[in-house]
Amino acid sequence: MGSDDTARFLASLDPEEVERRAYEEATKGNDAPLLAFLAVSIADQERFLGIEYLRLASDQSPHEYILKKFSGIREIFEVLARGSKRFAKEYRTEDYIKMLKSVLSRYEHARAKGPLSEGLEKEMAVLKRIVAHKSLEGDGDIFYDILKKEIVDLGNVLSIFLPNTLRSIGERDDTVESNLKAFLIRFHLLEHIEESGIFD
Amino acid sequence: MTFEFSQGKMPEGKAVTELSEAEEQNLHSILRASVDRFLEDRPRELNASEEMAADVLV
């Protein structure tokens, strides 16, 4: 499907109809479209937080305003993801390590093609220490940024594949499902870290 | 500090059909805003102030 076709398809959709169908699918157990929409919004939140010039209300700082706006999305996403019969999972350290090894392999692949920037080299070093279960003292902020970047990237990927999901709603979409699972493990790890405060 | 979460975290959530009336209303508001944002954000270039002004979440 070309980008023009995608644009025409998206323009033809009625938001009320899409919302109704995503909700109805979720009540029938196919909660991938609904969770994907919420995931895309969470990725949007992370992008908004990086917009320094954003000024929306005279009596609120941008970050306060956005955090208030989007806290509801994260809360309902977590409730539904944890309650999902298809996507709920109890993650353990080995799950997170496996995921982070796959992230690290992307850095290694990129470096094999050419030198990385200083920032990416630092991120890669942090990932190597984590997968080796070594101390992370002092590197929590870098790891936190890596996770947020991963969440934004996966939100973007989900948004690219959502049109196909909407075309075939009611059918299983493996691409969206696999990216949603990848998003979920990063989201849960980020939540876990935020709750534990171990990197504060 | 080492990276260890070996105990995991038991999922404690609700399926859509188990939400309270207030939670369901909240979900519809959030979902509608998410759908609107998705459909109107093509290509995904942000006009932040317009996007946030259109958001129904308060």
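**Burial, helix packing and confidence in a two-chain model**

Ile130(A) is placed in helix α6 of chain A. The model discussed here is predicted.

Me: Why does Ile130(A) count as buried?
Reply: Ile130(A) has 22 C-beta neighbours inside 10 Å. The cut-off for a buried residue is 20 or more, so Ile130(A) counts as buried. Along the chain, Ile130(A) and Gly114(A) are 16 residues apart, and their C-alpha atoms are separated by 24 Å.

Me: What makes α6(A) and α7(A) roughly perpendicular?
Reply: The axes of helix α6 (residues 118-131) and helix α7 (residues 140-167) of chain A cross at roughly 100° and come within 10 Å. Angles of 65 to 115 degrees count as roughly perpendicular, and the two helices are therefore described in that way.

Me: Which residues of α6(A) and α7(A) meet, and how do they divide into nonpolar, polar and charged?
Reply: From α6(A), Lys122(A), Glu123(A), Val126(A), Leu127(A) and Ile130(A) take part, and they meet Ile142(A), Phe143(A) and Ile146(A) of α7(A). Six residues of this contact are nonpolar, two are charged and none is polar.

Me: Why is His133(A) called exposed?
Reply: His133(A) has 12 other C-beta atoms within 10 Å. A residue with 12 or fewer is exposed, so the count for His133(A) meets the criterion. His133(A) is found in the loop between α6 and α7 of chain A. Its phi is positive, about 60°, although His133(A) is not a glycine.

Me: What makes Pro11(B) partly exposed, and which residues does Pro11(B) touch?
Reply: Pro11(B) has 16 other C-beta atoms within 10 Å. Burial requires 20 or more and exposure 12 or fewer; the count for Pro11(B) lies in between, so Pro11(B) is partly exposed. Pro11(B) belongs to the segment before α1 of chain B. Leaving aside residues up to four places away in sequence, Pro11(B) touches Arg82(A), Ala88(A), Lys89(A) and Glu90(A).

Me: How do you know that the span of helix α1 of chain B agrees with its number of residues?
Reply: Helix α1 (residues 21-40) of chain B has 20 residues, which at 1.5 Å a residue should span 28 Å. The expected span uses one less than the number of residues. The end C-alpha atoms are 28 Å apart, so the two values agree. Buried residues in α1(B) include Leu27(B), Ile30(B), Leu31(B), Val35(B) and Phe38(B).

Me: What helices and strands do the two chains have, and what share of each chain is buried?
Reply: Chain A has eight helices and zero strands, and its pattern along the sequence is α-α-α-α-α-α-α-α. Of its 200 residues, 29% are buried. Chain B has two helices and zero strands, with 22% of its 58 residues buried. Among contacts in chain A with a separation of 6 or more, 66% join residues 24 or more positions apart.

Me: What confidence does the predictor give to each chain and to the complex?
Reply: Chain A has a mean pLDDT of 84, and 85% of its residues reach 70 or more. Within chain A, residues 52-57 have pLDDT below 50, and this stretch has nine contacts in the model beyond near neighbours in sequence. Chain B has a mean pLDDT of 69, and 55% of its residues reach 70 or more. Over residues 42-58 of chain B the pLDDT stays under 50, with 23 contacts beyond four places in sequence. For the complex, the predictor gives an ipTM of 0.79 and a pTM of 0.83.

Definitions and conventions: Residues numbered from 1 in each chain as written. Chains lettered and ligands numbered in written order. Predicted model: local features only at pLDDT ≥ 70, side-chain atom pairs only at ≥ 80, totals over all residues. Axes fitted to C-alpha atoms, helices over the stretch in contact; angles between N-to-C directions. Helix = DSSP H or I, 4+ residues; strand = E, 2+ residues; numbered from the N terminus. Parallel < 35°, antiparallel > 145°, perpendicular 65-115°, else oblique. Contact = placed C-beta atoms within 7 Å. Nonpolar A, V, L, I, M, F, W, Y, C, P; charged D, E, K, R; others polar. pLDDT = per-residue confidence, 0-100.
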